[in-house]
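The exercises below ask you to read a structure step by step. Try each task on your own before you turn to its solution.

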Amino acid sequence: GFAYSWGPLTWLVPSEIQTLETRSAGFSLSVSMNFLFSFVLGQCFLTMLCSMEYGVFLFFAAMVSLCRRLYFGLPAVDMCPTRALLSAAAGPWTSIWRHR
């Protein structure tokens, strides 16, 4: 079920939400964070399971609940043009992604 539903989204969504100017840097950061958190989760899960027993599942349920609250608490930007979003998010760090 995971490979047919949520699994590919970690590769599809980051590649589609980036602009052409930031796609390579944004996607490489997304992939490296995906690998890092998968590694950390894989290393910590058995230790957490042995020490917390069923509490580890309550921990992950709390994380899912927190992520849902964050997701639904963010403002909707579905009808906002991309240029307006880029100008709203402009900062000193965006100059390293622009091509000159």
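**Exercise 1.** At which residue does helix H2 bend, and by about how many degrees?

*Solution.* In this predicted model, helix H2 covers residues 23–52, and the bend is found at Cys-44, where it amounts to about 35°. Moving on to the end of the helix, we find that H2 is followed by Glu-53, which has a positive phi near 55°.

**Exercise 2.** Which residues of H2 are buried, and which helices are included in what covers them?

*Solution.* The buried residues of H2 include Gly-26, Val-31 and Met-48. Their cover is then sought elsewhere in the chain, and what covers the buried residues of H2 includes helix H1 (9–17) and helix H3 (55–73).

**Exercise 3.** Is Phe-39 buried or exposed?

*Solution.* Phe-39 lies in helix H2. Its relative accessible area is 52%, and because exposed means over 50%, Phe-39 counts as exposed. Phe-39 also belongs to a nonpolar surface patch with Leu-29, Met-33, Leu-36, Phe-37 and Val-40, and together these residues have about 580 Å² of accessible area.

**Exercise 4.** How do the rings of Trp-11 and Phe-35 pair?

*Solution.* Searching the whole structure gives six aromatic pairs. For Trp-11 and Phe-35, the ring centres are 6.0 Å apart and the planes stand at 65°, so this pair is edge-to-face, since planes over 60 degrees apart count as such. The pair links distant parts of the chain, with Trp-11 in helix H1 and Phe-35 in helix H2, 24 residues apart. Trp-11 is partly exposed at 37% relative accessibility, whereas Phe-35 is exposed at 52%.

Key
Residues numbered from 1 in each chain as written. Predicted model: local features only at pLDDT ≥ 70, side-chain atom pairs only at ≥ 80, totals over all residues. Heavy atoms only, no water. Bend = angle between axes of the 7 residues up to and from the residue. Helix = DSSP H or I, 4+ residues; strand = E, 2+ residues; numbered from the N terminus. Buried < 20%, exposed > 50% of the residue type's maximum accessible area, 1.4 Å probe, protein only. Contact = heavy atoms within 4.5 Å. Patch = residues over 30% accessible without salt bridge, like charges linked within 9 Å, V, L, I, M, F, W, Y side chains within 5 Å. Areas by Shrake-Rupley, 256 points an atom, 1.4 Å probe, with all protein chains shown as cover. Salt bridge = Lys/Arg side-chain N within 4 Å of Asp/Glu carboxyl O. Phe/Tyr/Trp six-rings, centres within 6.5 Å; stacked < 30°, edge-to-face > 60°.
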